[in-house]
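Have a look at the sequence and the model below, then go through my notes with the structure open beside you. I've kept them as numbered points so you can tick them off one at a time.

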Amino acid sequence: MMPAVMEATLNPTTGPVRRADVLVIGGGVLGVCAAYFLTEAGRSVLLVDREDVCAGSSYGNAGLIVPSHSVPFARPGVVWQALRWMFDPESPFYIRLRPEPALLDWIWRFRGASNVRSRDRTMPVIRDLIMKSLELYRSFEAMDDMEFGFEQRGVLHLFNTEEGLHEGRRDADLLGSVGVRTEVLSKREVDDRLGGLDAKVVGGIEYPQDAHLTPARFVRALAERFRAMGGEVTAPAEVLGFETEGRKVVGVTTSVGSLEADEVVLAAGSWTPPLVRGLGIKALIQAAKGYSITFRKPRDAPETPFICEEGHVAVTPMGDTIRFAGTLEMAGIDLSINRRRVEAVSRAPAAYLTELDPSRMERIEVWAGLRPVTPDGLALLGRSPRYDNLTLAAGHAMIGMSSGPASGLLAAQVITGEEPFMDISPMNPARFG
């Protein structure tokens, strides 16, 4: 179904006003997917971003679509582990303590969510999002104009210590209890899965349902398809404020003029909290910086993605390149690059495969991006608590690429009134107050 034509009117005070059925704020994987599904449903959609389509975390992430990551970050024992890591400048998780009430509130609620009951309640929700996204990625891959390196080869979790493998088996048992397929591998079986390479490991765990892709290629290809269907992208366009009447958002002021829509989807990732603060909405999201280093892929590099468990780094082949990605640095809206952390990510894979020695590889790009993290590991997805035509869709942390298509579809279903394919009440944006 083709969408209605977008309109432009003239406001004597602010100048030209552009209007659409739906305004989507945020050009990452979630915003682009929501815009696509809404356009497919016959709505006229205007997508805006403060920079450009795929300019944030959707660009440089590990590109993994992973049911194996259905265990939330908030889990039993993680608080004490985080406290130990706080004093290691190269640790995989770091919180820069700042005198900000929102951060202190986040830490307190993260502590409260790091228990068995919360973990077990959260896992099926994450699993369902990722499994639906896998289904949608396969449908996108079948389209003639969509090519984004999607492969479902599984992901290997590699361990170079017996203690790490023991912990990995516990996670595998936990994931198996919610229907995620796993297989524990010997060192020889790991070598076979890696194409005969001699891995420096004691064993591994394979998650055969996992997949990978080149993230920027997917988001940009879907954005082009959205445009071809009649959707419109305006970027850069920074949101400066909202106009409201009662329980409705009636206008959005941006750096390129005023915008109006019957419905607004806010999929702005780590920038969501400051955007909604003026609306009296609490979005308990902290920005967590991650890094990736992309290299020219060596001739003898594996074709199967893997995760260096003790090193906390993911390695993903992407065409003629290979990407190392890792760390979680909670330092606020800060995109500066910490060279020490970059080098720690760069070195980690060589401890598992000598073929991935960074000193012998051609480095193409170093990247940092902000992942929006909630305290309990679930996104904020659904109608806002204060405005009937504002839908929030943010806070997917490290699984934004894994759950983006499904979450975008859910946001579209909320707006069109279609029955959501899953229960979204656990992701209620009002659950933090």
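**Notes on the strands, one helix, the cysteines and the spaces**

1. Start at a turn: in the hairpin of E16 and E17, with 2 residues between the strands, Gly319 takes a positive phi near 65°. Strands here (E, at least two residues) and helices (H or I, at least four) are DSSP runs, numbered from the N terminus. Two strands count as paired if DSSP finds at least two bridges between them.

2. Before going on, some ground rules. This is a predicted model, where local features need pLDDT of at least 70 and side-chain atom pairs count only at pLDDT 80 or more, while totals for chains, interfaces and linings use all residues. Residues are numbered from 1 along each chain as its sequence is written, and side-chain values use heavy atoms, with hydrogens and water left out.

3. Now the strand on the far side of that turn. Strand E17 covers residues 321-330, and 10 of its 10 residues are buried, so it is largely enclosed by the rest of the structure. "Buried" means under 20% relative accessible area, with exposed being over 50% and partly exposed in between (1.4 Å probe, protein chains only).

4. Which strands pair with E17? Strand E5 (residues 93-95) runs parallel to E17, joined by 3 bridges, and Tyr94 has Glu329 as its bridge partner in E17. E14 runs antiparallel to E17 over 7 bridges, with Arg296 opposite Thr321. Strand E16 (residues 313-318) is also antiparallel to E17, over 6 bridges, and there Val315 is partnered with Phe324.

5. E16 deserves its own look. Of its 6 residues, 6 are buried, so E16 is largely enclosed by the rest of the structure. Try colouring its two faces: Val313, Val315 and Pro317 point one way, Ala314, Thr316 and Met318 point the other way, and all are buried.

6. What sits along E16 besides E17? Strand E15 (residues 306-308) pairs with E16 in the antiparallel sense over 3 bridges. Phe306 stands opposite Val315 in E16, and Val315 is the residue whose partner in E17 is Phe324. The hairpin of E15 and E16 has 4 residues between the strands, and in this hairpin His312 takes a positive phi near 55°.

7. Over to a helix. Helix H1 takes in residues 29-40, and at 1.5 Å a residue its 12 residues should span 16 Å; the end C-alpha atoms are 16 Å apart, so the two agree. The expected span is 1.5 Å times one less than the number of residues. Just after H1, Gly42 takes a positive phi of about 95°.

8. Is H1 mostly covered or mostly uncovered? It's mostly covered, with 11 of its 12 residues buried. Among them are Val29, Leu30, Gly31, Tyr36 and Phe37. Cys33 is on that list too, which leads to the next point.

9. How many disulfides are there? With a disulfide taken as a pair of cysteine sulfur atoms within 2.5 Å, the count comes to 0. Cys33 is in no disulfide, and the nearest cysteine sulfur, that of Cys54, is 11 Å away. Cys54 is in no disulfide either, and its nearest cysteine sulfur is that of Cys33, 11 Å away. Both cysteines are buried: Cys33 has a relative accessible area of 0%, and Cys54 is at 1%.

10. Next, the second largest pocket, whose volume is about 300 Å³. On a 1 Å grid over the protein atoms alone, a pocket is an open set of points with protein on both sides within 12 Å along at least five of seven lines, a cavity is a set where a 1.4 Å probe fits but cannot get out, and lining residues have an atom within 4 Å of a point. Grid points are joined across faces, edges and corners, and a volume is the space filled by probe spheres set on the points.

11. This second largest pocket has 16 lining residues, with Ala102, Pro273, Arg277, Ile285 and Gln286 nearest its centre. Helix H9 (272-277) and strand E14 (286-296) each supply at least two lining residues, and H9 gives the most, with 3.

12. Last, the closed space. The structure holds 1 cavity of 30 Å³ or more, and the largest cavity has about 30 Å³ of space. Its lining is Ile126, Leu129, Gly377, Leu378, Ala379, His396 and Ile399.
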